[in-house]
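Student: I'm new to this one. Could you walk me through how to read it?

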Amino acid sequence: MSPPSCWIPGGPRVGGDLDPGIAHLRAGGVSIVVDARGPGLPVVRHWGAELSDADARHVGPGLGEALTVNSPDPAVPLALVPEASTGHMGRPGLRGHRAGAHWSSAFALTDVTVDPGTARFTAVDGRAELELVTEVELTPSGLARVRHQLTNLATTPYVLDGLEVALPVPPHAEELLDFTGRWARERHPQRRPFDRGAWVRENRRGRTGHDATIGLVAGVRGFGFGGGEVWAVHVAWSGNHVTYAQRTPDGRSTLGGGELLLSGEVILAAGQTYRSPWLYAGYSAGGLDGVSAGFHQWLRARAHHPGPTRPRPVVLNTWEAVYFDHDHDRLRALADAAAEVGVERFVLDDGWFLGRRHSGAGLGDWSVDPAVWPDGLTPLIDHVESLGMEFGLWVEPEMVNPDSNLFRAHPDWVLGPAPGAMPVTVRRQQVLNLAHPAAYRYILDRLDQLLRDHHIGYLKWDHNRDLVDAGQDGRASVREQTHAVYRLLAELRARHPGVEIESCSSGGARIDLQILEHTDRVWASDCNDALERQAIQRWTGLFLPPELIGSHVGPSRSHTTSRTHDLSFRLATAIFCHFGLEWDISTATEEERRQLRRAIGLYRDLRPLLHTGSVVRVDHPDPSAWAHGVVSADRSAAVFAYAQLATSVDAVPAPWRMPGLDPHRSYRVTLLDQIERPAMAGRADPAWFASGTVEVSGRVLGVIGLPPPVLAPEQAVLVRLDAVGEP
């Protein structure tokens with residue numbers, strides 16, 4: 001166990017190890033060394049591999065720094081808030097002004113408080129009359145998080161244009177990895193050299209965004225899942241945000257980010273305070289999987305995390321089964337079929353409320369449509385519960401259709417650039433201004449009433465459009481809207497603590513760590529195509545553990561791509577996350593239902609492992625095939641998948657390695673035949689595959705691997721590994 005964090009506030013050294021003014025946070029194999037000895041803002045001298053206190057005293061300018069010709073006379077510090085007044089010529093951490101003045105800050109440190117795992121630094125700029133408080137935390141998993149708080153000490157307003165966190169990374173971090181995407185193809189990686197200049201990812205969509213990078217990673221050349229030093233940051237904010245990497249000509253490299261403020265969004269009156277979102281920061285000497293472990297462990301340690309005491313139920317969502325065709329008898333039949341194959345949660349999707357016969361009407365009128373449900377939802381809910389399933393319901397509370405009673409009564413409740421001016425519609429929707437007190441109360445009351453009147457255990461909370469020209473009273477209002485959504489979710493959960501909520505945003509457009517403070521899972525994508533899902537789930541899972549990622553088995557022909565897949569491939573893809581179905585299985589063949597029953601039974605058996613173990617993604621040499629798995633905390637068991645995504649250049653596939661096991665134990669590798677065997681493309685199978693089982697040491701499995709079968713494209717194999725004998 002790491003020793004507690006240490007701080008020596010200007011007094012004698014403790015044990016002769018640390019200089020006065022050095023804060024050293026240590027946990028989970030990670031150290032953060034913060035230098036607060038200078039008169040200015042604190043500087044992170046080291047964020048990376050764990051150091052001893054004796055090591056930490058040698059970090060930073062104590063060893064001296066070379067100065068170049070034509071540079072500022074004192075060495076330029078790279079503070080947690082970089083300032084131009086120090087000679088820093090890169091991206092400033094604070095941008096703002098007071099009627100054009102005080103546009104450049106010069107803070108002086110006034111107070112430092114350090115407790116185990118946390119440090120708090122307070123600084124004041126007497127000229128600009130601003131106070132800055134920076135909080136640094138290092139969680140037991142080694143995941144850090146940092147945020148700032150800026151207070152206006154003057155009597156005149158201060159216009160804040162941006163306040164971001166900056167963290168240094170060493171020069172040997174030579175590559176960058178981030179992500180982009182679009183609807184139904186979220187979080188696809190893009191990799192580039194960490195060149196000089198700035199790589200800035202701005203999101204101005206008013207929500208986290210399909211094209212937003214879930215994180216920004218810097219690493220040594222050639223880093224992978226299982227090797228190489230990597231540093232990663234994530235902005236925990238569901239509105240506009242910015243993430244950046246910067247390398248200046250003097251060789252300093254930075255990762256940073258924060259909220260992206262629109263013009264005039266934050267004007268601090270006398271005594272007012274702005275608090276930035278948390279910037280989460282993960283480090284690993286063991287590649288991307290090491291960063292994942294830090295994020296996953298932290299998320300799983302939260303008090304409200306859906307852990308082993310609340311196993312993730314098998315879901316059937318009705319969208320791709322019935323769309324807007326809400327026929328009571330058809331839905332009863334679908335519920336019967338769902339219960340018969342082992343579904344545990346039945347979710348009624350879009351189409352149940354007033355006037356909602358298509359996507360262009362009804363949003364905002366949150367009452368059950370008597371034309372479709374003359375007896376209300378209760379008969380269906382009762383039927384679902386009589387079958388042993390929980391009932392869930394789809395809502396989209398933040399949006400309104402112009403064709404709705406709510407809009408006709410209150411067009412002034414819509415976010416817009418100016419009073420009376422409407423933004424362009426998207427999906428025939430506008431955005432309700434939840435910062436408007438009456439609009440907020442209306443939505444809260446309607447949802448509260450819905451949950452009080454019906455036995456509903458789960459809400460699929462959708463958010464189907466970007467915020468375009470989102471303002472109120474002539475001012476930009478994305479920030480206020482985001483905070484209002486958080487308040488709404490928090491209040492609803494306080495009134496109905498047993499109800500789980502999914503963050504869905506036209507698929508995966510609102511996935512961040514702050515929305516997960518208010519919700520229980522995310523919908524990774526509207527695309528249930530298993531081939532697309534392989535990539536979407538792999539990269540979403542870089543930051544989120546499997547139990548927080550919804551993944552459903554759709555029909556054989558994909559709704560979004562029209563691609564067709566065998567049921568075995570669809571099952572093998574979805575089973576590694578929070579598993580469910582999105583398919584009219586009342587029309588499935590008896591053979592398909594048999595396969596579903598077996599796969600659902602397998603998921604129930606495996607979910608204690610899948611949803612608590614360490615995720616492993618294999619650095620496989622053939623890009624046409626991916627391998628990944630989950631290893632239990634005690635390394636006594638594991639589940640691995642080998643997916644052939646496309647045809648390979650090589651006639652004989654490369655060995656299938658399974659890292660993360662105990663190298664000193666033997667494992668029985670068993671083919672999971674609850675998922676049908678895939679289509680083959682080889683003349684003969686490896687002996688272990690033909691027999692269905694083999695016993696191999698963990699060292700051999702991790703270093704050498706097993707010969708995989710020659711699979712046809714878009715096929716997958718699953719195996720379970722169980723340790724043999726005592727450790």
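Tutor: Sure, and we begin with how elements get their names: helices (H or I, at least four residues) and strands (E, at least two) are DSSP runs, numbered from the N terminus. Here, α5 is followed by G388, whose phi is positive, near 85°. This is a predicted model, where local features need pLDDT of at least 70, side-chain atom pairs count only at pLDDT 80 or more, and totals for chains, interfaces and linings use all residues. Residues are numbered from 1 along each chain as its sequence is written, and side-chain values use heavy atoms, with hydrogens and water left out.

Student: Which residues of helix α5 are buried?

Tutor: Buried means under 20% relative accessible area (1.4 Å probe, protein chains only). In α5, residues 378-386, those are L380, I381, H383 and V384. Seen down the axis of α5, they fall within an arc of 160°, so they line one face of the helix; the arc is that of the directions from the helix axis to the C-beta atoms.

Student: What covers the buried residues of α5?

Tutor: Look for contacts, meaning heavy atoms within 4.5 Å. The cover includes α4 (328-341), β23 (345-348) and β24 (390-395).

Student: And how many helices and strands does the protein have?

Tutor: You'll find 13 helices and 39 strands. Its radius of gyration (over C-alpha atoms) is 27 Å, close to the 27 Å from the globule rule for 727 residues, so the protein is as compact as a globular protein of that length. That rule is 2.2 Å times the number of residues to the power 0.38. Buried residues make up 60% of the 727.

Methods:
Buried means under 20% relative accessible area, exposed over 50%, partly exposed in between (1.4 Å probe, protein chains only).
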